[in-house]
Amino acid sequence: MTLQRLKPWILPAAMLSGMVFHDHMGKIETVAPYLIFIMLFITFCKVKPRELKITALSRWLLTVQIGGAIAVYCALLPFGETIAQGTAICIFCPTATAAPVITGLLGGSVPRLATFSIVSNITVAITAPLFFSIVGDTDINLMQSMRDIAIKVMPLIVAPLALALTLLAISPKAHSAIAAKQSWSFYIWALSLFIVVGRAVSFVMSEPAQMVPQMIAIALCAGVVCGAQFYIGRKIGRLCGDKIAGAQGLAQKNTVLAIWMALTYLNPVSSVGPAAYVAWQNTVNSLQLYHKNKHEPAGSGRKL
């Protein structure tokens, strides 16, 4: 019972710890991809092959992701190109690899979100060169850019899904046993969050002091679009039958990839946007997990 009461505070504690110990992230940050792989493998063990299909939810979320990024960039351009870039990348960025995990913890459809996560990341890998040629500061080699982004994104999504489906085919009992251990994903996600937040804080603190006003503006814009994406995604999800998957699919972003893309193709200061987005999206998710755990009926077996 004591551990159950502590669970709603684990994610906020992980974020706070990442801020405090950010100077030490360089020693353990290489562990993060492996944690994400394991976390996704456990989550994808809940997915059956017949459940992986593109639906209206995926199409609507993808439209907002790509179209919204371009629209926001154009709207904010009069206030400064860097602010426009830092905000737009928070929308264009694909769905986080951990989004299916949080979706499952909140009671949403993991197959729907897993499908959209794959579609979202593939679409970004294909369209990013064109997007950055419009909003970026550098000339882009189309094929090289597609290859680099695909290498960063696809193994973390496709490999754990392929492993989970292979295990289902060769050992259904082992597959079911792992699928029943979804609570493990929560603790792995907390450790991953500790590392990602620490890396983001380290990056922001390395920027020169004269950039602080602009960085604050970018961080605030990131917070606004974060809230907007949770709201819009929830509305779309409600229309398509799963408000949790809709919100997580649109709003929970692969911020590590976004920071890399901003540093590579945009004004480096614009990467403050996705760095701040780390805190915004995980604050929202921490509150949602706390609310779910608090209001879940006792003995239901569905608490986190």
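**Group meeting: helix packing and the nonpolar cores**

Okay, let's start with one small spot: right after helix α6 comes Gly107, and its phi is positive, near 95°. Keep in mind that we're looking at a predicted model here.

Now back up into α6 itself, residues 99-106. Is this helix mostly covered or mostly exposed? Mostly covered: seven of its eight residues are buried. Those are Ala99, Pro100, Val101, Ile102, Thr103, Leu105 and Leu106.

So who sits against α6? One partner is α12, the helix at residues 243-251. When two helices pack, we describe them by the angle between their axes and the distance between those axes. For α6 and α12, the angle is about 155° and the axes are 9 Å apart. Anything over 145 degrees counts as roughly antiparallel, so that's what α6 and α12 are to each other. Their crossing is right-handed.

If you want to find the contact on screen, look for Ala99, Ile102, Thr103 and Leu106 on the α6 side, and Ile244, Ala245 and Gln248 on the α12 side. Sorted by class, that gives five nonpolar residues, two polar ones and no charged ones.

Let's compare another pair, α5, residues 81-92, and α7. What's the angle this time? About 170°, with the axes 12 Å apart. That makes α5 and α7 roughly antiparallel too, because the angle is over the cut-off. From α5, the contact uses Glu81, Gln85, Ala88, Ile89 and Phe92; from α7 it uses Val124, Thr127, Ala128, Phe131, Phe132 and Val135. The class count here is eight nonpolar, two polar and one charged.

Okay, on to the cores. In soluble globular proteins, nonpolar side chains tend to be buried together. The largest nonpolar core in this model has 49 residues, and the members touching the most other members are Leu11, Met39, Phe44, Trp189, Leu193 and Leu289. Several helices give two or more residues to this core, including α2, α3, α6, α7 and α14. Which helix gives the most? That's α10, with eleven residues.

Zoom in on Trp189 for a second. Leaving out residues up to four places away in sequence, Trp189 touches Leu11, Met39, Ala98, Ile102, Gln252 and Asn282. You've met Ile102 already: it's one of the α6 residues that meet α12.

Apart from that core there's another one, of 33 residues, and Ala84, Ala88, Val135 and Ala219 are among them. Ala88 and Val135 should ring a bell, since both are in the contact of α5 with α7.

That's my tour. Questions?

Definitions and conventions:
Residues are numbered from 1 along each chain as its sequence is written. This is a predicted model: local features need pLDDT of at least 70, side-chain atom pairs count only at pLDDT 80 or more; totals for chains, interfaces and linings use all residues. Side-chain values use heavy atoms; hydrogens and water are left out. A nonpolar core is a set of buried Ala, Val, Leu, Ile, Met, Phe, Trp, Tyr and Cys residues joined through side-chain atoms within 4.5 Å. Buried means under 20% relative accessible area, exposed over 50%, partly exposed in between (1.4 Å probe, protein chains only). Helices (H or I, at least four residues) and strands (E, at least two) are DSSP runs, numbered from the N terminus. Contact means heavy atoms within 4.5 Å. Axes are lines fitted to C-alpha atoms, for helices over the stretch in contact, and angles run from 0 to 180 degrees between N-to-C directions. Angles under 35 degrees count as roughly parallel, over 145 as roughly antiparallel, 65 to 115 as roughly perpendicular and the rest as oblique. A crossing is left-handed if the near helix is turned anticlockwise from the far one by less than a right angle, and right-handed if clockwise. Ala, Val, Leu, Ile, Met, Phe, Trp, Tyr, Cys and Pro count as nonpolar, Asp, Glu, Lys and Arg as charged, and the others, Gly among them, as polar.
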